[in-house]
Amino acid sequence: MDESITPPQNIQELETAYNFADNILKFDATHPRNLQFYKNVYSQNPEYILLFKPAGEVGGVIFASDKDRGTLLIGELAVSETMRGRGIGSKLLSEMEEVALKHDKKEIFLAALETAEKFYIRNGYFPKLYVQLDGNNRLDEITSLSATPVSWKNTGDGFSKVVLDTVKIDKELQKNFEDKLGAHTQYLFFKALTL
Ligand SMILES: CC(C)(COP(=O)(O)OP(=O)(O)OC[C@H]1O[C@@H](n2cnc3c(N)ncnc32)[C@H](O)[C@@H]1OP(=O)(O)O)[C@@H](O)C(=O)NCCC(=O)NCCS
């Protein structure tokens, strides 16, 4: 592992890393993974959190957790604004892929911010489009708008949710769902891991 990329040495450093991510990503009240969540992750798998700390100062962080037995979820990735574009984000991502392999994971999964979509494509991740409508039993409205293969769908919890296997980033399709159905959309990214 790169010497300047390590797990937090203690809980204080974990808190510093979390606050660093919060300052950049600006978590709102609905953010699903809070500091307590990562304290639990850290107590079981310290290496699921990695810091880039070249000279004592945190310059970048990545946070992961188990999605399921075979899949590692990357929850947050952030590099300080002054250090972007130098390969640090890509390095944090590839170090976490190594961690995932050590934990026998077969796949990495994450939900991206729109500004980071190209970054994940360049790092070998495959996009799928997540489309969500308010209300149950509206799956047909989503699937009838496009012939894109459906890789997952679910309804019953007050929402209708579909993941479409778009293979590439298709902004036009995404805009269609937003404009025609008022849908919430986001690209999800997957990478299959091989030794
Ligand atoms: C996305 C991010 C982690 C990339 O980190 P990084 O250290 O700049 O990554 P790399 O140097 O390995 O790759 C940089 C590439 O990412 C792209 N990029 C994506 N978002 C960027 C941003 N906000 N600022 C600068 N570059 C960004 C650049 O275009 C650059 O592409 P290039 O190499 O063709 O010029 C970093 O830009 C960041 O922290 N952004 C804000 C938070 C965020 O979006 N996190 C991801 C959440 S899903």
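**Touring a predicted model**

Biologist: What is the phi of Lys26, just after helix 1?

Modeller: Keep in mind that this is a predicted model. Lys26 comes just after helix 1, and its phi is positive there. The value is about 50°.

Biologist: How far apart are the end C-alpha atoms of helix 1, and what span should its 15 residues have?

Modeller: Helix 1 covers residues 11-25, and we count 1.5 Å a residue. The span is taken over one less than the number of residues. That gives an expected 21 Å, and the end C-alpha atoms agree, being apart by 21 Å.

Biologist: Within what arc do the buried residues of helix 1 fall?

Modeller: The buried ones are Leu14, Ala17, Tyr18, Phe20 and Ala21. Look down the axis and they line one face of the helix, because they fall within an arc of 155°. Residues three or four places apart in an α-helix point the same way, because there are 3.6 residues a turn. So the arc for helix 1 is 155°.

Biologist: Which residues are exposed on the other side of helix 1?

Modeller: The cover over the buried residues includes helix 2, strand 2, strand 3 and strand 4. Over on the other side of helix 1, the exposed residues are Gln12 and Asn23.

Biologist: Which residue of strand 2 is the bridge partner of Ile5?

Modeller: Strand 1 and strand 2 pair in the antiparallel sense over 2 bridges. Strand 2 also pairs with strand 3 in the antiparallel sense, over 4 bridges, and there Gly60 stands opposite Phe52. Leu50 and Phe52 point one way from strand 2, Ile49 and Leu51 the other, and all are buried. The bridge partner of Ile5 is Phe52.

Biologist: Which strands stand at the edges of the open sheet?

Modeller: The sheet has 9 strands with mixed pairing, in the order 1-2-3-4-5-9-6-8-7. Each edge strand has a single partner, so one side of it is left without a neighbour in the sheet. Those strands are strand 1 and strand 7.

Biologist: Which residue in strand 8 does Gln132 stand opposite?

Modeller: Strand 6 and strand 8 pair in the antiparallel sense over 6 bridges. Opposite Gln132 in strand 8 stands Lys161.

Biologist: Which elements give two or more residues to the shell around the ligand?

Modeller: The ligand is surrounded by 18 residues, with Arg84, Ile88, Gly89, Ser90 and Phe119 the closest. Elements giving two or more residues are helix 1, strand 4, helix 3 and helix 4.

Conventions
Residues numbered from 1 in each chain as written. Predicted model: local features only at pLDDT ≥ 70, side-chain atom pairs only at ≥ 80, totals over all residues. Buried ≥ 20, exposed ≤ 12 C-beta atoms within 10 Å, placed from the backbone. Arc of directions from axis to C-beta. Contact = placed C-beta atoms within 7 Å. Pairing = 2+ DSSP bridges. Near = placed C-beta within 6 Å.
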